[in-house]
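Biologist: Before I accept any labels, I would like the criteria behind them. Please take them one at a time.

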Amino acid sequence: MTDWGARAADLLDDLACLSEPGAGATRLPFTPEHRAAVELLSDRMRQAGLTVTLDDAGTLVGRLEGPKGRGTLLMGSHQDSVRQGGAYDGIMGVVLPLIALEKLRAEGRATPCSVEVLAFADEEGVRFPTALVGSRALAGTVDPAVLEMTDGDGVTLRAAMTAFGLEPDRIGVLKRDPADVIGYIETHIEQGPVLERAGEALGVVSAICGIERHSIGIVGETGHAGTMPMEGRKDALVAASAIVTEVNRLALASDGLRGTVGSLAIGPNVVNAVPRVARMTAEFRSADDAERRAAGVALHAYAEEVCAGMELSCEVTYQQAAQPCAAELSERLVAAVKRAGGQGLVLPSGATHDASALADLCPVAMLFVRCRDGMSHRPEELATPEDMGRAVEVLADLVMSPG
Ligand code: GLV
Ligand code: MN
Ligand code: MN
């Protein structure tokens, strides 16, 4: 008898080997590593009887044709990783529905609708200061201005996509007809400790958090570290440090709020000169959009205060509203988890997902798989073959009764 969870683990290992060299998985969008993952997944999709295409947003689409007029169930997640991330975030949500279709095929069971397995190019937003282009393309919500955004090497998203063989100006035609789409199911490693603490392999997501990202620049005054009087200094790093502490304080003060300064650069960045410039990011997340927005406004006011006498720029570079999952589809997923022996635990997601963009097209639901020690975005990330096997069972069950 085939061990479907072990089969998923083997494919995920093979995909992780296609990473950039170094610790963990690094697979950024529109790179040779992305191409290699597309090729391996395409082969496996074809072997499972799917028709494979790469759309002009870089989404790999494996389609299994079902009876005419019965609609299409979309299932998938993103192929990309963060730098030195894990082998499960995103890509596991491509592999598990594919394995579920392999299982149904091996059992000789035809699906009651068409099914597509999707591997989106870019959910992490690590290479370009935007994300979710593939899922937004299907929903028809891509802002074409994002194509002019640049990566750290000055390459525009448009140029990276074109070099990958895509025609980014055709993104507009990728919009799907909502009348044909039954829904979108995304399977994802939980990336937190809730399921492990509850002793549950699987859970169903209630809502995906909202996010806002700020870019903050401070210009003060440099000078000799030994001779410049302490009084009256315009030290950009001292101001930046106060802002870091304020982000943390604001987030600690609200139950559901997360606040992070993930990037900070200073100049001249030498041991014996007062820092003149600081450039940093600040990110807030919450399932409550009002709470998140209030934190952003409070942070800008605090930055004005703490940077008095220096030059300050504060810009919101990215915003995404919180997204509840669709009640009916999520209930069906809960029922399938229960049929597979789970409690059907429901929990919110503090990470964002392609499902948040697809909610503009169709009902969305998310299946979470237990994560070892709650660790994610790092090489130690792990979902066990046993837990993935249970998820495959649930996905196959859902495909056979999509609603
Ligand atoms: C991606 O994992 C994110 O939530 O930023
Ligand atoms: Mn992810
Ligand atoms: Mn991630």
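Modeller: Buried means under 20% relative accessible area, exposed over 50%, and partly exposed in between, with a 1.4 Å probe and protein chains only. This is a predicted model, in which local features need pLDDT of at least 70, side-chain atom pairs count only at pLDDT 80 or more, and totals for chains, interfaces and linings use all residues. Residues are numbered from 1 along each chain as its sequence is written, chains are lettered from A and ligands numbered from 1 in the order in which they are written, and side-chain values use heavy atoms, with hydrogens and water left out.

Biologist: Why is cysteine 325 called buried?

Modeller: Its relative accessible area is 11%, and the limit is under 20%, so cysteine 325 is buried. Cysteine 314 has 27% and counts as partly exposed.

Biologist: How do you know that cysteine 314 has no bond to cysteine 307?

Modeller: A disulfide is a pair of cysteine sulfur atoms within 2.5 Å. The sulfur of cysteine 314 is 7.3 Å from the closest cysteine sulfur, in cysteine 307, which is too far for a bond. For cysteine 325 the closest is in cysteine 362, at 11 Å, again too far. The structure holds 0 disulfides.

Biologist: What makes Asp89 a donor to the manganese ion (ligand 2)?

Modeller: Donors are N, O and S atoms within 2.8 Å of the metal (3.2 Å for Na, K and Ca); water is not among the atoms, so sites may look incomplete. His78 (NE2), Asp89 (OD) and His188 (NE2) coordinate ligand 2 at 2.1 to 2.2 Å, so they qualify. Histidine 78 lies in strand β3 and histidine 188 in strand β5, so the pair ties together parts that are 110 residues apart in sequence. Strands (E, at least two residues) and helices (H or I, at least four) are DSSP runs, numbered from the N terminus. Histidine 78, at 0%, is buried, and histidine 188 is buried at 1%.

Biologist: Which residue coordinates both manganese ions, ligand 2 and ligand 3?

Modeller: Aspartate 89 does, and the ions are 3.5 Å apart.

Biologist: Why is α9 called oblique to α11?

Modeller: Angles under 35 degrees count as roughly parallel, over 145 as roughly antiparallel, 65 to 115 as roughly perpendicular and the rest as oblique. Axes are lines fitted to C-alpha atoms, for helices over the stretch in contact (heavy atoms within 4.5 Å), and angles run from 0 to 180 degrees between N-to-C directions. The two helices pack at about 130 degrees, so α9 is oblique to α11.
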